[in-house]
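Welcome, and thanks for taking a look at this one with me. Below are some numbered notes to read alongside the picture.

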Amino acid sequence: MLADNLVILRNIKGLTQEAVAEAIGISRQSYSKWEQGETIPDVEKCDKLAKFYGVTIDSLVNQSDKIGNVKIAPAPIGKHIWGTVTIGTKGQIVIPKAARDVFNLKDGDRVVVLGDEKEGIALVKAEIFEEKMQEALKLSQQALFE
């Protein structure tokens, strides 16, 4: 898992092994061996790698998630990929339990469905969306009177 994640994350950033190795203070050969799974970095180096790539150590070392047959990279800190859901005949989806837990979603909570025809659909708790809209309205009104 670690070796695959290192390759994916490096390629996403468009970096060479040399560039990553230099950034974390090791030789290119050492980094190459990590990507090939020949050796494993110590905890200190894993921490540097995780910070460099903006992911958690746990996801760097343990994540082996796939969407379909495609292995996905560890998500940046604070971002999540919970996999896929199936849309029911009436358009309903089941939000994964881990997502409900992270966002404290409970039975009866309201969510706003947002969409971008090029990017996709997003769900936002209604209370948070309404709060942000009120803030935006206040700022726009202040700008009118300045």
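Is D47 buried, partly exposed or exposed? D47 counts as partly exposed, because its relative accessibility is 28% and the partly exposed class runs between 20% and 50%. Please keep in mind as you read on that this is a predicted model.

1. **D47 and its partner.** Let's stay with D47 for a moment. Its side chain meets that of K51 in a salt bridge, with N and O 3.1 Å apart. Both residues belong to helix α4, which covers residues 43-53. They sit 4 residues apart, about one turn of the helix. K51 counts as exposed, because its relative accessibility is 61%, whereas D47 is partly exposed at 28%.

2. **The salt bridges as a group.** How many salt bridges does the structure hold? There are 4, and the pair of D47 and K51 is one of them. As background, side chains of opposite charge can pair when their charged atoms come close.

3. **A second pair within one helix.** K97 and D101 form another salt bridge, and their closest N and O atoms are 2.8 Å apart. Here too the two residues share a helix, this time α6 (residues 97-102), and are 4 residues apart, about one turn of the helix. D101 is classed as partly exposed because its relative accessibility is 48%.

4. **A pair that joins two helices.** Now look for E35 and R10, whose side chains meet in a salt bridge of 2.5 Å, N to O. This pair links distant parts of the chain: E35 is in helix α3 and R10 is in helix α1, 25 residues apart. Are these two buried or exposed? E35 counts as buried because its relative accessibility is 10%, and R10 is buried as well, with a relative accessible area of 12%. The cut-off for buried is under 20%.

5. **How α1 and α3 pack.** The same two helices are worth viewing as a whole. Helix α1 (residues 2-13) and helix α3 (residues 28-36) pack at an angle of about 115 degrees, and their axes are 6 Å apart. On the α1 side the contact is made by A3, L6, V7 and R10, and on the α3 side by Y31, W34, E35 and Q36. By type, these residues divide into 5 nonpolar, 1 polar and 2 charged.

6. **K33, also in α3.** K33 has its place in helix α3. K33 is partly exposed, with a relative accessible area of 39%. Its C-alpha atom is separated from that of A3 by 8.7 Å, although the two residues are 30 apart along the chain. Leaving aside neighbours within four places in sequence, K33 is in contact with E38 and T39.

7. **Q63, a buried loop residue.** Where does Q63 lie? Its place is in the loop between α5 (57-62) and β1 (66-67). Q63 counts as buried because its relative accessible area is 14%. Not counting residues up to four places away in sequence, Q63 touches M1, N5, D58, K71, I72, A73, P74 and A75. For N5, the C-alpha separation from Q63 is 7.7 Å, with their positions 58 residues apart along the chain.

8. **The end of α6 and the loop that follows.** V102 lies in helix α6 and is partly exposed, with a relative accessible area of 47%. V102 touches H80 and W82, not counting residues up to four places away in sequence. A136, in contrast, is 34 residues from V102 in sequence and 26 Å away in space, C-alpha to C-alpha. N104 lies in the loop between α6 and β3. One detail to check there is the backbone: N104 has a positive phi of about 50 degrees although it is not a glycine. N104 is partly exposed, at 42% relative accessible area.

9. **A nonpolar patch on the surface.** Which residues form the nonpolar patch? They are V85, I87, I93, V111, V113, I121 and L123, with about 640 Å² of accessible area together. Strands β3 (111-116) and β4 (120-125) each supply at least two residues of the patch. V111 is in strand β3, and V111 counts as partly exposed because its relative accessibility is 37%.

Key: Residues numbered from 1 in each chain as written. Predicted model: local features only at pLDDT ≥ 70, side-chain atom pairs only at ≥ 80, totals over all residues. Heavy atoms only, no water. Patch = residues over 30% accessible without salt bridge, like charges linked within 9 Å, V, L, I, M, F, W, Y side chains within 5 Å. Areas by Shrake-Rupley, 256 points an atom, 1.4 Å probe, with all protein chains shown as cover. Buried < 20%, exposed > 50% of the residue type's maximum accessible area, 1.4 Å probe, protein only. Axes fitted to C-alpha atoms, helices over the stretch in contact; angles between N-to-C directions. Contact = heavy atoms within 4.5 Å. Nonpolar A, V, L, I, M, F, W, Y, C, P; charged D, E, K, R; others polar.
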